[in-house]
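The following paragraphs lead through the structure displayed below, moving from a covalent link to the sheet, the helices and the cores around it.

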Amino acid sequence: MISWTRALAALAAVLTLVSTVPAQAAPVHPVGTWGASADEVGGQTGAAGLTDRSVRNLVHTSLGGSGVRITLSNVFGDRPVTFASVHIGLAADGAAVVSGTNRPLTFDGADQVTVAPGTEVLSDPVDASVPADTTLAVSFHVVGESGPITGHDVATQTSYVSGTAGADVAGEESGAAFTTEISSWYWVESVVVEKPRRVKTVVLFGDSITDGNGSTVGADRRYPDVLADRVAASSFAGRFGMMNEGISANRVLVDSTGGQRGLDRFRRDVLDQPGVSTVVLLEGINDIRWDDADEASDLIVAYRDLVAQAHAEDVCVVGATLTPYEGGSRYTPARDRVRVAVNEWIRTSGEFDGIVDFDAATRDPERPARFLPAYDSGDHLHPGDAGYAAMADAFDLRLLECDR
């Protein structure tokens with residue numbers, strides 16, 4: 001777990017060193033422009049580990065900024081992992097990087113870093129700015145045998161691994177050496193920029209629907225992406241960074257194939273993120289589908305726990321209703337009655353700082369237990385691009401101004 005207190009102290013020291021310029025810069029703090037919940041990656045080429053290979057992860061910013069940093073996570077590893085030649089640049093076609101933009105990153109001044117199992121590490125800020133709404137290439141070389149890969153399994157984005165063991169190609173702008181495509185992100189957990197104090201981080205917390213399953217791969221049409229685009233086109237432009245902390249198949253109440261349960265990962269994935277002011281909570285449908293929540297009260301108790309955790313850190317919680325899934329995997333009318341009861345509590349309890357009604361935004365008015373057909377990805381559980389756009393459009397942007 002990163003201590004942002006220590007990181008801010010280090011940043012303050014850096015700012016002190018450069019404060020000899022006549023005009024003093026406004027105070028800044030770290031804000032997340034991209035994030036992905038850490039989990040143990042499975043089902044991918046090399047998921048059991050890589051040996052002396054280079055990785056190029058493609059990630060998409062929500063907010064522009066300078067003083068760029070990244071975090072590398074080995075939270076689910078079983079041994080130390082050493083990363084060398086860590087770079088960040090603007091993504092071009094395929095695995096290529098735009099010429100002249102691939103900048104090296106350091107860690108406490110060193111050009112490589114070893115990350116112990118169960119931990120993550122924050123890079124030094126690089127003297128460069130990144131644009132908003134832009135795909136970045138985060139590259140590094142894995143030295144030796146990595147063991148199990150900490151990353152993010154369902155990225156809905158193509159990234160790359162080098163085809164030749166031993167060759168460190170992370171600093172190359174050409175993508176020619178990155179011949180293996182992967183559909184997960186490996187080891188990179190966040191991209192952070194320095195912004196004025198009024199700029200905040202919004203965390204979108206949930207399962208596969210927040211993760212963007214069913215959206216077009218590589219098109220950045222998950223609902224958090226579309227929401228970030230709405231913010232950028234509004235009077236709130238430049239005020240909020242977005243971090244997507246959804247995990248496909250994740251549940252609130254129990255660990256599962258979707259990783260560590262929401263109750264246990266909430267601190268790492270939400271409260272420990274830099275500059276966080278608001279979290280949007282959309283999770284529980286998998287608990288209902290797999291009978292971990294037989295009654296609405298099972299999830300209500302858990303939601304109250306998460307709200308209390310957030311409020312103790314002065315973080316606002318926007319409660320989101322669970323979307324319909326008639327015709328989808330494990331649907332039954334009895335399970336849907338639990339979903340309906342949970343949604344009614346979300347709408348009426350008054351325990352959240354705000355509400356977004358994704359159920360109302362995506363359901364078929366003539367058959368409200370299912371998606372409007374135009375919004376269905378085809379599996380009747382996940383929205384498609386149009387459904388995710390409808391969710392983002394249903395979000396009242398004034399909710400982002402919540403301040404505890």
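The torsion about the S-S bond of C316 and C402 is about -80°, so the disulfide between them is left-handed. In this predicted model, the sulfur atoms of C316 and C402 are placed 2.0 Å apart, and the disulfide count comes to one. C316 belongs to strand 19, while C402 sits in the segment after helix 9 (385–393), so the bond ties together parts that are 86 residues apart in sequence. The two cysteines can also be described by their accessibility. C316 has a relative accessible area of 1% and is therefore buried, the cut-off being under 20%. C402, at 23% relative accessibility, counts as partly exposed.

Strand 19 leads to the sheet. Five strands form an open sheet in the order 17-16-18-19-20, and their pairing is parallel. Which strands stand at the edges of this sheet? They are strand 17 (240–246) and strand 20 (354–356); each has a single partner strand, so one side of each is left without a neighbour in the sheet. On average, neighbouring strands of the sheet are turned by 20° against each other, direction ignored. Four bridges join strand 18 (residues 276–282) to strand 19 (residues 316–320) in the parallel sense. Within strand 19, V317 is the bridge partner of V279. Helix 3 (residues 223–232) packs on this sheet and touches strand 16, strand 17 and strand 18; the direction of helix 3 makes about 175° with that of strand 17.

V202 offers a view from strand 16, which covers residues 200–206. Is V202 buried or exposed? Its relative accessibility is 0%, so V202 counts as buried. Beyond its neighbours within four places in sequence, V202 is in contact with F240, G241, M242, M243, T278, V280 and L400. The disulfide cysteine C316 lies 114 residues from V202 along the chain, and the C-alpha atoms of V202 and C316 are separated by 9.6 Å.

One of the contacts of V202 is V280, and V280 leads on to the nonpolar interior. The largest nonpolar core holds 57 residues, of which Y223, V280, Y303 and F395 touch the most other members. Helix 6 (residues 296–312) supplies the largest share of this core, with eight residues. When residues up to four places away in sequence are not counted, V280 touches V202, V203, L204, F205, Y223, V318, A320, V356 and F395. Another core lies apart from the largest one; this core has 34 residues, among them V68, F83, V130 and V188.

Helix 9, which precedes the segment holding C402, has buried residues of its own: G387, Y388, A390, M391 and A392. What covers the buried residues of helix 9? The cover includes helix 2 (208–211), helix 3, strand 18 and helix 8 (358–362). Helix 3 and strand 18 thus appear here again, having already been met where helix 3 packs on the sheet.

Finally, the confidence of the prediction should be considered. The protein chain has a mean pLDDT of 93, and 92% of its residues reach 70 or more. Over residues 3–23, however, pLDDT stays under 50, and for these residues the model has 14 contacts beyond four places in sequence.

How values were computed:
Residues are numbered from 1 along each chain as its sequence is written. This is a predicted model: local features need pLDDT of at least 70, side-chain atom pairs count only at pLDDT 80 or more; totals for chains, interfaces and linings use all residues. Side-chain values use heavy atoms; hydrogens and water are left out. Helices (H or I, at least four residues) and strands (E, at least two) are DSSP runs, numbered from the N terminus. Buried means under 20% relative accessible area, exposed over 50%, partly exposed in between (1.4 Å probe, protein chains only). Contact means heavy atoms within 4.5 Å. Two strands pair if DSSP finds at least two bridges between them. Axes are lines fitted to C-alpha atoms, for helices over the stretch in contact, and angles run from 0 to 180 degrees between N-to-C directions. A disulfide is a pair of cysteine sulfur atoms within 2.5 Å. pLDDT is the predictor's confidence in each residue, from 0 to 100. A nonpolar core is a set of buried Ala, Val, Leu, Ile, Met, Phe, Trp, Tyr and Cys residues joined through side-chain atoms within 4.5 Å.
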